[in-house]
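Trainee: Please choose one part of this model and take me through it closely, contact by contact. I would like a connected account rather than a list.

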Amino acid sequence: MKKESLIIAIVSSLLITGIINVLSNLLLHSTISLFIVASNFVVCSVSIYFIYYIVVGKRLRAIHSLIAKNPEEIDNTSLDTVEERVKTLLRERKEELEKIDKLERHRREFLDNVSHEMKTPIFHIQGYISTLIENNVDDPEMEKRYLERTEKSAERLIRILEDLDTISQLESKQVGADIEPFDIVQLCEEVLESETIDAEEKNIKLVLENSLDKIGVIGERFRIKQVLVNLTVNSIKYGKAGGQTTILIKNEPDTVYMEVSDNGIGIAKEHLPRLFERFYRVDKGRSREQGGTGLGLSIVKHILEAHHQTITVTSTIGEGTTFSFRLKKTPHHSSFSL
């Protein structure tokens, strides 16, 4: 306010001086002198007015705009503070527009991906059924083969819909109803056992590294199992024949550190930032051949975020990939028993 006060003081002084000069010249009855002083006074006043308007007017207009939107914020606020507030509001507005634009791009990409992913199995189903109907296939073996392909396409479509439903539930915060303490060691053993057949087909060894027989954690057991299954399945799918997939459980004071790692083909660095996006695939052709929906890692991320945890990934081409996260331990984890 110092600058504004100085300007107002100057204007006031000029006005008072001008009035005194006018009055003195009136008393002296000098018409010429009166005209000169009056002219100077008018020119000076107009000049000061424009200076005042340019310097102060900008801020006054900003105040007026802010008053119209947030009148309660103006009380006892200096013009400097208001100007800073206006700049902040403009910056926030720009950030909001950029965020909206980013969300819109993601929405379009998501719709395109959903459309593409669902059209493929639907077209396959339609093609197989049309072939069976129109060609009157008499060969039982060929008919069986076409029906099996139709069934696989239908199963793929169902998996996509189930995964989309899972993500919808997670995004709408429909989690937390089944939070309970459970043994993470036992759960890991279950997951590895369930994937033994697929691992043996690729000659991949499944290993559990853990120093304790039982470790209690808190969470939704079913959801955490989804996390471990998705990570283990991915590790086997993209692992090297004769390689190894390892689940590591590391005991910490208040949390359990988890790792699912392999010594497989690895992932290039440029793909890592987008790895948890829906339908994002490092190798689109190979991923579809493996039968994945492209939603597994996105589900993993959502589940862990619902448990107030984050997942990280590190990878080196030709050496392997490691996914890691933490889980909260039970309050009496040292004496945990089921």
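Mentor: What follows is a close look at helix packing, with a few single residues brought in along the way. A word on the ground rules before we start. This is a predicted model, with residues numbered from 1 along each chain as its sequence is written, and its local features need pLDDT of at least 70, while side-chain atom pairs count only at pLDDT 80 or more and totals for chains, interfaces and linings use all residues. Side-chain values use heavy atoms, with hydrogens and water left out.

Let's set the scene with the whole chain. The protein chain has 9 helices and 7 strands, taken as DSSP runs numbered from the N terminus (H or I over at least four residues for a helix, E over at least two for a strand). The chain has 338 residues, and 34% of them count as buried; buried means under 20% relative accessible area, exposed means over 50%, and partly exposed lies in between, with a 1.4 Å probe and protein chains only. If you take contacts between residues at least 6 apart in sequence, 73% join residues at least 24 apart, where contact means heavy atoms within 4.5 Å.

Now to our part, helix α9, and its partner α4. Helix α4 covers residues 140-171 and α9 covers residues 296-306; their axes come within 10 Å and cross at roughly 25°. Those axes are lines fitted to C-alpha atoms, for helices over the stretch in contact, with angles running from 0 to 180 degrees between N-to-C directions. That angle makes α4 roughly parallel to α9: the label covers angles under 35 degrees, with roughly antiparallel over 145, roughly perpendicular from 65 to 115, and oblique for the rest. The crossing of α4 and α9 is left-handed, meaning that the near helix is turned anticlockwise from the far one by less than a right angle, whereas clockwise would be right-handed. On the α4 side the contact uses D163, T166, I167, L170 and E171, and they meet S298, I299, H302 and I303 of α9. By class this makes 4 nonpolar, 3 polar and 2 charged residues, with Ala, Val, Leu, Ile, Met, Phe, Trp, Tyr, Cys and Pro counted as nonpolar, Asp, Glu, Lys and Arg as charged, and the others, Gly among them, as polar.

S168 also belongs to α4. With a relative accessible area of 41%, S168 is partly exposed. Its C-alpha atom lies 9.9 Å from that of H302, although 134 residues separate the two along the chain.

Turn next to α7, another partner of α9. Helix α7 runs over residues 221-237, and its axis comes within 9 Å of that of α9, with a crossing angle of roughly 145°. Here too the crossing is left-handed. From α7 come R223, I224, Q226, V227, N230, L231 and N234, and from α9 come G296, L297, I299, V300, I303 and L304. The classes here are 8 nonpolar, 4 polar and 1 charged residues. I299 and I303 of α9 take part in the contacts with both α4 and α7.

Just past α9, have a look at H308, in the loop between α9 and β6 (312-316). Its phi is positive, about 60°, although H308 is not a glycine. H308 is exposed, at 73% relative accessible area.

From α7 we can step on to α5 (residues 184-194), whose axis is 10 Å from that of α7 at an angle of about 45°. That makes the pair oblique, and the crossing of α5 and α7 is right-handed. I184, Q186, L187, C188, E190, V191 and L192 of α5 meet R221, I224, K225, L228, V229 and T232 of α7. This contact has 8 nonpolar, 2 polar and 3 charged residues.

T232 leads us to strand β4 (residues 244-251), which holds T245. Among the residues that T245 touches are T232, S235, I236 and D262. T245 counts as buried at 1% relative accessibility. Its side chain makes a polar contact of 2.7 Å with that of S235; such a contact is a pair of N or O atoms within 3.5 Å, where within protein one must be able to donate a hydrogen and the other to accept it, and residues adjacent in sequence count only if both atoms are side-chain atoms. The side chain of S235 has a polar contact with that of D262 too, at 3.2 Å. D262 sits in strand β5 (residues 255-262) and is buried, at 17%.

Note on methods: Lists of a residue's contacts leave out its neighbours within four places in sequence.
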